[in-house]
Amino acid sequence: MTKHTRTIVSLTFIAALSLFVSACADKSAKPAVAAAATITQTDPAVLVSKSWRLESLGGVVLNASDYRGLPTLQFDATNTRAAGKSPVNNYSGLYKLDGANLSFGMMVSTRMAGPQPDMELEHKYNRIFPSVTGWRIVNGKLDLLGGETVLATFIEKVE
């Protein structure tokens, strides 16, 4: 075999080996992408400094256009009162905040009637307050918790 032939055979072998290695490579492997950071807060100052608007109830995301308005919630740290507006009625009541623990006293509300979808949402919303045992803010959204279960999620209400 001549020197020139050996070079061609060697190059052919290297090319074939390269093709074999690339064919065996895992094509499903994807480059590592950093996951978005989850920011959880339980600073009471953050909770009471904002007005909140309901986004989901019992894990169901609500469509604002289906109602006259989505419930709001605001905490008054000075008087330890929570208040807001449901689709039809205003409500308020006392709350107790101890770190990540949160509970509500009896809520009172006005007693106006409204369209059936609004009244159903309002009824479901008002029923969560006795079950609330805690809270957290995850990536800017307020979760009201019953144990480990997310009962309702709120976003910051923009005026």
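These are my notebook entries on the fold, the strand pairing, the aromatic residues, the main pocket and two backbone angles of a predicted model.

**Entry 1, overall fold.** I began with the secondary structure and found three helices and 11 strands, which follow one another along the sequence as α-β-α-β-β-β-β-β-β-β-α-β-β-β. I then looked up burial and noted that 28% of the 159 residues are buried. For contacts with a separation of 6 or more, I recorded that 50% join residues 24 or more positions apart. The exposed surface comes to about 10,300 Å², and carbon and sulfur atoms supply 59% of that area.

**Entry 2, partners of strand E11.** I went to the C-terminal strands and asked which strands E11 is bridged to. Strand E2 (residues 51-57) is joined to E11 (residues 149-156) by five bridges, and the two run antiparallel; within this pairing, Trp52 has Glu156 as its bridge partner. Strand E10 (residues 141-146) also runs antiparallel to E11, again with five bridges, and here Leu145 is partnered by Val150. I noted further that E10 and E11 form a hairpin with two residues between them, and that Gly147 in the turn has a positive phi of about 70 degrees.

**Entry 3, aromatic pairs.** My search for ring pairs gave seven. I looked at Phe75 and Phe104, whose ring centres are 6.2 Å apart and whose planes meet at 35 degrees; since planes between 30 and 60 degrees apart count as tilted, this pair is tilted. Phe75 belongs to strand E4 (residues 72-76) and Phe104 to strand E7 (residues 101-104), so that the pair links parts of the chain 29 residues apart. Both Phe75 and Phe104 are buried.

I next took up Tyr91 and Phe129, another tilted pair, with 5.6 Å from centre to centre and 45 degrees between the planes. Tyr91 sits in strand E6 (residues 90-98), whereas Phe129 is in the loop between helix H3 (116-126) and strand E9 (134-138), and the pair therefore ties together parts that are 38 residues apart in sequence. I checked whether these two residues are buried or exposed. Tyr91 has a relative accessible area of 4%, so it counts as buried, and Phe129, with 2%, is buried as well.

Putting the rings together, I found that Phe75, Tyr91, Tyr95, Phe104, Tyr125, Phe129 and Phe154 form one aromatic cluster.

**Entry 4, the largest pocket.** I recorded about 200 Å³ of space in the largest pocket. Its lining includes Phe104 and Phe129, both of which I had already listed in the aromatic cluster. Also among the lining residues are Met106, Met107, His123, Asn126, Arg127 and Pro130. Strand E8 (108-109) and helix H3 each supply at least two residues of this lining.

**Entry 5, positive phi outside glycine.** Finally I looked at two loop residues with positive phi. Thr80 has a positive phi of about 45 degrees although it is not a glycine, and it lies in the loop between E4 and strand E5 (81-85). Its relative accessibility is 35%, which means that Thr80 counts as partly exposed. Asn139, also not a glycine, has a positive phi near 50 degrees and lies in the loop between E9 and E10. With a relative accessible area of 46%, Asn139 is partly exposed too.

Terms used
Residues are numbered from 1 along each chain as its sequence is written. This is a predicted model: local features need pLDDT of at least 70, side-chain atom pairs count only at pLDDT 80 or more; totals for chains, interfaces and linings use all residues. Side-chain values use heavy atoms; hydrogens and water are left out. Helices (H or I, at least four residues) and strands (E, at least two) are DSSP runs, numbered from the N terminus. Buried means under 20% relative accessible area, exposed over 50%, partly exposed in between (1.4 Å probe, protein chains only). Contact means heavy atoms within 4.5 Å. Accessible areas come from the Shrake-Rupley method with a 1.4 Å probe; for residues, only the protein chains shown count as cover. Two strands pair if DSSP finds at least two bridges between them. Rings of Phe, Tyr and Trp (its six-membered ring) pair if their centres lie within 6.5 Å; planes under 30 degrees apart count as stacked, over 60 as edge-to-face and the rest as tilted. On a 1 Å grid over the protein atoms alone, a cavity is a set of points where a 1.4 Å probe fits but cannot get out, and a pocket is an open set with protein on both sides within 12 Å along at least five of seven lines; lining residues have an atom within 4 Å of a point. Grid points are joined across faces, edges and corners, and a volume is the space filled by probe spheres set on the points.
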